[in-house]
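Subject: Structure handover

Hi,

Here is the structure I promised you. Please open it next to this email and follow along.

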Amino acid sequence: MSLASTIIRDEHRALASVVKGLQFLIQEIQNRGQTPDFPLLQSIISYVEQFPDKLHHPKEDQYLFPALRQRHPAAAAELDILEDEHERGTPLTARVAKCLSDYQADPGHFEAFANAVDDYANFHWAHMSREENVILPLAEKYLTPEDWVGINAAFKSNSDPLVGINTQREFRELFRRLVNLMPAPYGLGAERP
């Protein structure tokens with residue numbers, strides 16, 4: 001398995017943990033009457049707004065997908081779906097952020113917020129599954145060692161090609177903070193803002 005494949009899977013696990021934690025918090029509010037922790041909810045939404053679009057998807061779109069298109073043209077339809085999902089993911093995240101803002105202003109908007117989170121989560125589970133179960137095995141089969149050199153370097157650097165800064169530290173710190181803020185079983189619950 002390539003370094004880039006490992007990083008993609010690790011990034012998927014980080015995003016999945018945050019989204020599962022968000023769903024857990026919503027269940028606690030819904031089923032146990034837990035008081036919403038709006039700063040924590042906002043931190044989670046900020047992470048999901050930024051992480052896929054600034055760190056994860058650009059590397060796939062600029063390095064992995066073009067190389068696979070070149071080496072295995074039969075993957076084009078699957079890659080088209082994934083690229084379309086990258087574009088559709090941003091409005092889904094914006095909807096979650098808007099619904100959180102509405103909910104914070106009026107508790108009557110809780111159900112819309114919970115539904116938006118579920119839609120976002122279901123979308124991303126399917127998206128990550130397609131990448132891991134279809135695209136990564138094809139990439140590992142058809143890409144050459146020379147292809148992987150550039151792809152691995154791009155994923156290892158975690159540089160954001162849009163703004164030219166290293167985002168790895170920023171996202172690692174945000175993830176660490178979320179894990180410390182989130183209650184068990186999805187976090188440590190050690191820190192409060």
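One term before the tour: a residue counts as buried when its relative accessible area is under 20%. Keep in mind that this is a predicted model.

Try the term on a histidine. Is H72 buried or exposed? Its relative accessible area is 15%, so H72 is buried. H72 sits in the loop between α2 and α3. Leaving aside residues up to four places away in sequence, H72 touches L138 and Y142.

Now the whole chain. There are six helices and two strands. Along the sequence they follow the pattern α-α-α-α-α-β-β-α. The chain has 193 residues, and 46% of them count as buried. About 9,600 Å² is exposed, with carbon and sulfur atoms supplying 53% of that area. Take the contacts with a separation of 6 or more: 73% of them come from residues 24 or more positions apart.

Next, one helix. Helix α4 covers residues 110-142, which makes 33 residues. What distance does α4 reach from its first C-alpha to its last? The answer is 47 Å, close to the 48 Å expected at 1.5 Å a residue. Look for the kink too. At I135 α4 has a kink of about 35°. The proline P137 follows shortly after.

Then the aromatic rings. How many aromatic pairs are there? The count comes to four, where ring centres within 6.5 Å make a pair. In one of them, Y47 and F51, the centres are 5.2 Å apart and the planes are at 10°. Planes under 30 degrees apart count as stacked, so the pair Y47 and F51 is stacked. Both residues lie in helix α2 (residues 38-71). They are four residues apart, about one turn of the helix. Y47 is buried, at a relative accessible area of 1%. F51 is buried as well, at 4%.

Another pair is Y103 and F113. Their ring centres are 5.8 Å apart with planes at 15°, so this pair is stacked too. The pair links distant parts of the chain. Y103 belongs to helix α3 (residues 76-105) and F113 to helix α4, with their positions 10 residues apart. Y103 has 5% relative accessibility, so Y103 counts as buried. F113 has 0%, so F113 counts as buried. Ring pairs also join F38, Y103, F110 and F113 into a cluster.

Last, the nonpolar cores. The largest one has 34 residues. Which of its residues touch the most other members? They are L15, L22, L41, V48 and F113. Which elements give two or more residues to this core? Those are α1 (3-32), α2, α3 and α4. The biggest share comes from α1, which gives 10 residues.

Look at L15 in particular. Not counting residues up to four places away in sequence, L15 touches Y47, V48, F51, P52, Y120, H124 and M128. Two of these names, Y47 and F51, are the stacked pair from above. Apart from the largest core lies another core, of 17 residues. Its members include I8, L64, L68 and L143.

A good place to start is H72: find the loop between α2 and α3, then pick out L138 and Y142, which H72 touches. After that, move on to the kink at I135 in α4.

Best wishes

Technical notes:
Residues numbered from 1 in each chain as written. Predicted model: local features only at pLDDT ≥ 70, side-chain atom pairs only at ≥ 80, totals over all residues. Heavy atoms only, no water. Expected span 1.5 Å × (residues − 1). Bend = angle between axes of the 7 residues up to and from the residue. Phe/Tyr/Trp six-rings, centres within 6.5 Å; stacked < 30°, edge-to-face > 60°. Buried < 20%, exposed > 50% of the residue type's maximum accessible area, 1.4 Å probe, protein only. Core = buried A, V, L, I, M, F, W, Y, C linked by side-chain atoms within 4.5 Å. Contact = heavy atoms within 4.5 Å. Areas by Shrake-Rupley, 256 points an atom, 1.4 Å probe, with all protein chains shown as cover.
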